[in-house]
Structures are given as structure tokens and as C-alpha cells.
Amino acid sequence: MRRIVPLVMVTLIPLTAHAQQDDRSYLTAFLEDNLSSVGRQVVITGFAGALSSQATIQEMTLADSEGVWLTLTDVALDWNRAALFSGNLSVNTLTAGTITVARKPVIDPNALPSPEATPFVLPDLPISIDIGKIAADKIILGDALLGQPVEGSLEASLVLSGGEGQAKLTLKRTDGPNSQIDLAASYANATSNLVLDL
């Protein structure tokens with residue numbers, strides 16, 4: 001009997017590892033497919049800890065027709081994994097070692113509305129997004145954004161659901177003059193009301 005138990009455990013280890021690999025692949029594909037759209041491609045590399053509430057991602061990139069414009073490295077997620085199955089991406093905290101914004105994203109011409117179409121609307125994603133805290137030890141803004149490269153630290157939050165969005169952001173510069181940007185904004189597609197505090 002003593003020999004049988006270890007033998008059973010050794011036999012089950014590869015099956016458990018295979019299940020974790022399948023689960024990781026499923027979640028990676030789910031996130032990439034649901035966050036990507038026409039003119040926007042999300043790629044997630046090195047997703048680990050998919051079976052727990054603490055997950056890590058080596059790198060996550062957002063690209064458009066001209067290539068990658070946003071890169072997050074050394075990402076850690078404290079999230080509600082089960083919420084994905086009800087169509088919600090619920091994240092308590094999302095931290096990154098580095099966030100690099102090389103430039104503004106390019107809007108795909110195929111995604112543009114016709115000239116007579118409605119005004120600006122928030123993206124209608126197939127899942128809702130609720131990120132309680134986004135933080136980065138280092139954020140790098142390319143010179144294409146502000147006319148000169150800027151480095152700093154970031155803390156933010158984001159909610160996007162049902163055509164309504166809210167965002168808060170604090171950016172502290174660390175590579176030059178002592179400066180800080182504080183932003184709080186909300187928008188609703190139904191009313192077209194924009195609230196902005198900058």
C-alpha cells in the first residue's frame with residue numbers, strides 16, 4: 001500500500017501539469033481574443049498562475065497597423081479568475097515593472113465610422129473591465145507623445161462596462177523637473193456626457 005500511493009501521485013503529476021497548461025492556454029486565448037478587435041491586437045506572453053487569484057504575465061503588448069505602441073512587462077494580477085466566465089474582467093490590482101507607451105495608437109480606417117455617423121463612443125467590448133488599481137514603478141512615454149521622452153511612476157484605475165467608463169490617473173515625473181499629472185474622467189455613450197478633471 002505504501003508503494004501504491006506514491007506511484008499514483010507520480011502518475012497524476014503529468015496530468016495535472018497538462019491541465020494547467022490547457023487552462024493557461026485557454027485563458028490566454030480568451031483574453032487576447034476578447035481584448036483584440038479591428039485595428040487592435042493584444043498579445044500576452046508568459047502567463048503563469050492561471051489557476052490562482054495571483055497571476056503573472058511576462059509581457060503584454062497592444063499593436064495596431066504600424067506595430068506595437070504599448071508594452072507592459074513584469075505584470076502581476078490580483079484578479080477574480082471566475083468572473084471571466086460571466087463576461088467580466090475583474091482585477092483588484094494590476095502592477096507592472098515597466099509600461100512603455102511608444103506613441104499614440106493609429107486608428108484603423110476600417111474601424112472609422114462613416115462621415116454621417118454618430119460622434120465619439122467608448123469601445124463596446126464583449127466583456128466588462130474593472131481594474132481597481134493600476135500601478136507601475138516605471139512608465140516611459142515616447143517623444144512622439146509629448147515632444148520629448150518622459151519617465152515617471154503611474155497609479156490609475158479603470159472601469160469600462162455597458163458603454164460607460166471611468167478612469168483616474170496620477171503620473172509623477174522622475175527624470176526631470178518635479179511635476180505631476182492628475183486626471184479623473186468619466187463618459188457615458190447613452191448621454192454623451194464627459195466629466196473631466198485635469
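Colleague: What makes S6 and strand S7 (residues 164–173) count as paired, and how many bridges join them?

Modeller: In this predicted model, S6 and S7 run antiparallel and are joined by 10 bridges. Pairing requires at least two bridges between two strands, so S6 and S7 qualify as a pair. One position to look at is Glu155, which stands opposite Thr170 in S7.

Colleague: What connects S6 to S7, and which residue of the turn has a positive phi?

Modeller: The two strands form a hairpin with 2 residues between them. In that turn, Gly162 has a positive phi of about 55°.

Colleague: How do you know that S7 pairs with S8, and in which sense?

Modeller: S7 and S8 share 9 bridges in the antiparallel sense. Set against the requirement of at least two bridges, this count makes S7 and S8 a pair, too. Glu164 stands opposite Ala188 in S8. S7 and S8 also form a hairpin, here with 6 residues between them.

Colleague: What makes S8 and S9 a pair?

Modeller: Strand S8 (residues 180–188) and S9 have 5 bridges between them, in the antiparallel sense. At least two are required, and therefore S8 and S9 pair. One bridge sets Ala184 against its partner Asp197 in S9.

Colleague: Which strands of the sheet are called edge strands, and why?

Modeller: The sheet is open, with 9 strands in the order S1-S2-S3-S4-S5-S6-S7-S8-S9 and mixed pairing. S1 and strand S9 (193–197) are its edge strands, as each pairs on one side only. From one strand to the next, the twist averages 20°.

Colleague: How does the sheet fit into the order of elements along the protein?

Modeller: The secondary structure comprises 2 helices and 9 strands. Starting at the N terminus, the elements follow the pattern α-β-β-β-β-β-α-β-β-β-β.

Colleague: Why is Glu32 classed as it is, buried or exposed?

Modeller: Glu32 belongs to helix H1. Its relative accessibility is 19%, and the limit for a buried residue is under 20%, so Glu32 counts as buried. Beyond its neighbours within four places in sequence, Glu32 is in contact with Val42, Val43 and Ile44. Across the protein, buried residues make up 29% of the 198 residues.

Colleague: Which residues have the most contacts inside the largest nonpolar core?

Modeller: They are Phe47, Met60, Trp79, Leu89, Leu94 and Ile99, in a core of 40 residues. Several elements supply at least two residues each, including helix H1 (4–35), strand S1 (41–48), strand S2 (54–64) and strand S3 (67–80). Met60 illustrates such a position: apart from neighbours within four places in sequence, Met60 is in contact with Leu35, Val42, Val43, Ile44, Leu70, Thr71 and Leu72.

Colleague: What share of contacts joins residues at least 24 apart in sequence?

Modeller: Among contacts between residues at least 6 apart, the share is 44%.

Colleague: Where does pLDDT stay under 50?

Modeller: It does so over residues 1–22, for which the model has 1 contact beyond four places in sequence. pLDDT is the predictor's confidence on a scale from 0 to 100, so values under 50 fall in the lower half of that scale. For the protein, the average pLDDT is 81, and 82% of the residues score at least 70.

Definitions and conventions:
Residues are numbered from 1 along each chain as its sequence is written. This is a predicted model: local features need pLDDT of at least 70, side-chain atom pairs count only at pLDDT 80 or more; totals for chains, interfaces and linings use all residues. Side-chain values use heavy atoms; hydrogens and water are left out. A nonpolar core is a set of buried Ala, Val, Leu, Ile, Met, Phe, Trp, Tyr and Cys residues joined through side-chain atoms within 4.5 Å. Buried means under 20% relative accessible area, exposed over 50%, partly exposed in between (1.4 Å probe, protein chains only). Helices (H or I, at least four residues) and strands (E, at least two) are DSSP runs, numbered from the N terminus. Contact means heavy atoms within 4.5 Å. Axes are lines fitted to C-alpha atoms, for helices over the stretch in contact, and angles run from 0 to 180 degrees between N-to-C directions.
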